[in-house]
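Visitor: Please take a close look at the sheets of this chain and at what packs against them, with the criteria behind each term, and follow the picture from there into the interior.

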Amino acid sequence: MSSVTRPLHKVLVSHPSVPKAALDLLQQRGCETIVCESVPPSRAEIIRKVPGVDAIFWAHYQPLNGEILDAAGKQLKAVSTMSSGLDYADIAEFKRRQVPLGHTPGIVKNSVADLAVGLMISAGRHFHAGRKEIENSLWRTEQIIWLMGQEVRGSVVGFLGFGGVGQAIAKRLQGWDAAKFIYHTRTQRENPYGAVHVSFAELLRESDFLVVACPLTPETREKFNADAFKAMKPNCVFVNVGRGGIVDQPALVNALKTGEIAAAGLDVMTPEPLPANDPLLQLPNCVVIPHLGTQTMQTTIEMSLTAANNILNALEGKPMICPAY
C-alpha cells in the first residue's frame, strides 16, 4: 500500500490570479497552496483561511498588519508581498514579532521605466489634449502655434528617487539628447549616466521633466505640495510613477489649471481607483492611466516567482531574496 506524502508547509495565497508558475514552484517544493478565490480579495475569506498556515503570499494592496498576523497564528514563518512598494504593510509590527517579510522591488524597474518614458512623451506632447481636440472637431490645421509641447532634447530631466526605477528611466533616455540628468535623494548614488545629485529646491527649479520614482514614506508624503509646484518651471512636465500620496493632489490640479506647470503624466494617484468625476480627469493637460506600471505578463511572472522564492527561503531557514527589513 503506497503512502501519501504530506505537504511540508501550508501557504495561503491571497489572490486567485497569482501566476501558475509561482504556485507550481511552491507545490514542487512540498507546499500546499490555499488559494483565496474572491476578487477583489475578501478580508473575511483571508482571515477564515489563514489560521495555521506557515506562510502567506500577499498579492494585493489591502493592509498587511497585526490583524492578519494574529489571525494566522504564532506558527507563521514567512510573508512575502508581490509588490515593490510596502506602504500598506506594517513593517514595524513584522519587526516586533520577528516575522520575515519579503517583497519584489528590483523586478519592476524595467516595466515601470518603459511606462514612465511613455508618460513623459504623452504628457509632454499633449496626447490627451490632442485627442480631445479631435473629438470636439477642433483640429486646427491653419494654426502654427498649437498644442506646442516639450521635447526631451535639450531638456533637464530630474528625478525624485534614483534607485532601480529612476536609473532604468535614465538608461532608456540615453541617445535622446537630454541636456543633463539631475536627481534628489538622501544620499548621492554612483551611476553611469552622469546624473548629478542636487537639493530638492534645485530639482524643482531646474527640471524640464520631473519624474517621481521613489517610495511613499513619512518623508516623501505630499512632498509635492503647492509651494513645490510654484517653484517649478512653467514648461515643466511632471510624471509620477511612485505613489499617489507623494503628491498633494488638489495642489497638482491647481498647478495644472493655472499654468504653474505645463502638464502631468500619472500612473499613480489618490485614491485608487480614481473616481470618474475626479478633477484630474477634467484636465486636458493631464494624462492619467490606472496604475499600469507592472502590468506586463513578463514582469508579473517574475514578481510572483520572487515572492515564492522569498517564502521558500524563509521556510528553509535561509535569508529572503528581497527582505523588507
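Guide: Helix H11 (residues 297-315) lies across S1, S2, S3, S4 and S5, and runs at about 165 degrees to S3. Such angles run from 0 to 180 degrees between N-to-C directions, with axes that are lines fitted to C-alpha atoms, for helices over the stretch in contact, and contact means heavy atoms within 4.5 Å. Helices (H or I, at least four residues) and strands (E, at least two) are DSSP runs numbered from the N terminus. This is a predicted model, in which local features need pLDDT of at least 70 and side-chain atom pairs count only at pLDDT 80 or more, while totals for chains, interfaces and linings use all residues. Residues are numbered from 1 along each chain as its sequence is written, and side-chain values use heavy atoms, with hydrogens and water left out.

The strands under H11 belong to an open sheet of five, ordered S2-S1-S3-S4-S5, with parallel pairing, where two strands pair if DSSP finds at least two bridges between them. At its edges are strand S2 (31-35) and strand S5 (101-102), each of which pairs on one side only. Helix H1 (residues 20-28) also packs on this sheet, where the helix touches strand S1 (9-13), S2 and S3, and its direction makes about 140 degrees with that of S2. S1 and S2 run parallel and are joined by five bridges, with Thr33 in S2 as the bridge partner of Val11. Four of the five residues of S1 are buried, so this strand is mostly covered; buried means under 20% relative accessible area, exposed over 50% and partly exposed in between, with a 1.4 Å probe and protein chains only. Further along, strand S3 (residues 55-58) and strand S4 (residues 78-81) run parallel and share four bridges, and Trp58 stands opposite Thr81 in S4.

The other sheet to consider is open as well, with seven strands in the order S8-S7-S6-S9-S10-S11-S12 and parallel pairing. Strand S8 (196-197) and strand S12 (286-288) stand at its edges with a single partner strand each, so one side of each has no neighbour in the sheet. Helix H5 (residues 109-124) packs on this sheet, touching S6, strand S9 (209-212), strand S10 (237-240), strand S11 (263-266) and S12, and its direction makes about 150 degrees with that of S10. Strand S6 (residues 156-160) pairs with strand S7 (residues 180-184) in the parallel sense over five bridges, and Val157 stands opposite Phe181 in S7. Helix H7 (residues 164-172) has as its buried residues Val165, Gly166, Gln167, Ala168, Ile169 and Ala170, and their cover includes H5, S6, S7 and S9.

Ile169 leads on to the interior, as one of the residues with the most contacts inside the largest nonpolar core, a set of 53 residues in which Leu26, Phe57, Met120, Phe159 and Val241 are also listed in that way. H5 gives the most to this core, with eight residues. A second, separate core has 32 residues, among them Ile182, Cys214, Met269 and Cys286. A nonpolar core here is a set of buried Ala, Val, Leu, Ile, Met, Phe, Trp, Tyr and Cys residues joined through side-chain atoms within 4.5 Å. In soluble globular proteins, nonpolar side chains tend to be buried together.

Aromatic rings add a further layer, with eight aromatic pairs found in a search of the whole structure. The rings of Phe159 and Phe181 have centres 6.3 Å apart and planes at 45 degrees, so their pair is tilted. This pair links distant parts of the chain, with Phe159 in strand S6 and Phe181 in strand S7, 22 residues apart. Phe159 counts as buried at 0% relative accessibility, and Phe181 is buried with a relative accessible area of 6%. The rings of Phe224 and Phe229 likewise form a tilted pair, because their centres are 6.2 Å apart and their planes lie at 40 degrees. By definition, rings of Phe, Tyr and Trp (its six-membered ring) pair if their centres lie within 6.5 Å, and planes under 30 degrees apart count as stacked, over 60 as edge-to-face and the rest as tilted. Ring pairs also link Phe159, Phe162, Phe181 and Tyr183 into a cluster.
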